[in-house]
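Colleague: I am new to this structure. Please pick one helix and take me through it closely.

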Amino acid sequence: MLSLLRSVVRQSNHIKSCLPSTTRSYTAHSDNEALIHVLDEVVVDRAAGERVDADQSWVQQGTRRKFAPSMFIRPHYWTRDHRYKGPAPFPRRPLVGPGKRQARSQDVFYQLGIDPLHEAMNATLLSAYVTEMGKIKPRTETGLTTKSQRRLGKAIRRAKMMGIIPVLSNTRVGHWQR
């Protein structure tokens, strides 16, 4: 309602210039007529702007579906199940990693033609792909291709079995040499 009155106040100068000079007298009757005329125009403009397909107007806004003026309302629209959106019928699988094209552009092993399995003795390289707790970083963090990620995991497990990198924690390789 306040926004409607604000628009009326903004348009008051326009109304005064549009009205004939005989009706520009400042009586309560002419002001009421002008106000009614402006309100009718605003309602017609809003109704014309909001007339869209019934399916499009019945969209979810936030967590609750809202009703729009000039919208056809069916009786089941008032039920709670219809007004509040429930969980998706098939939840999406979380993002596993980058796509094939993006992974190839990010993967250092793929670009340089290096097999991660041949780097099982390189503790410095492998420690970059291990967390502080000694876990292998997921593909979402490394950005490697699927093949490189599998082979890197195998190289890290081999290095842990040979004692090249620690099993339970990731010590910074070479920090004791300073």
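Modeller: Here is a close look at helix H9, with its setting in the chain.

This is a predicted model; local features need pLDDT of at least 70, side-chain atom pairs count only at pLDDT 80 or more, and totals for chains, interfaces and linings use all residues. Residues are numbered from 1 along each chain as its sequence is written, and side-chain values use heavy atoms, with hydrogens and water left out.

The protein chain has nine helices and two strands. These are DSSP runs, numbered from the N terminus: helices are H or I, at least four residues, and strands are E, at least two. The pLDDT is the predictor's confidence in each residue, from 0 to 100. Its mean is highest in H9, at 96, and lowest in helix H3 (residues 54–57), at 46.

H9 covers residues 146–162. Its 17 residues should span 24 Å at 1.5 Å a residue, and the end C-alpha atoms agree, being 24 Å apart. That expected span is 1.5 Å times one less than the number of residues.

Now the two sides. Buried residues (under 20% relative accessible area, 1.4 Å probe, protein chains only; exposed is over 50%, partly exposed in between) in H9 are Ser148, Gln149, Leu152, Gly153, Ala155, Ile156, Ala159 and Lys160. They cover an arc of only 165° around the axis, so they lie on the same side of H9. The arc is taken from the directions from the helix axis to the C-beta atoms. The buried residues pack against helices H6 (108–112), H7 (123–127) and H8 (139–142). Lys147, Arg150 and Met161 are exposed, on the face turned away from the buried side.

After H9 comes Gly163, with a positive phi near 85°.

Definitions and conventions:
Contact = heavy atoms within 4.5 Å.
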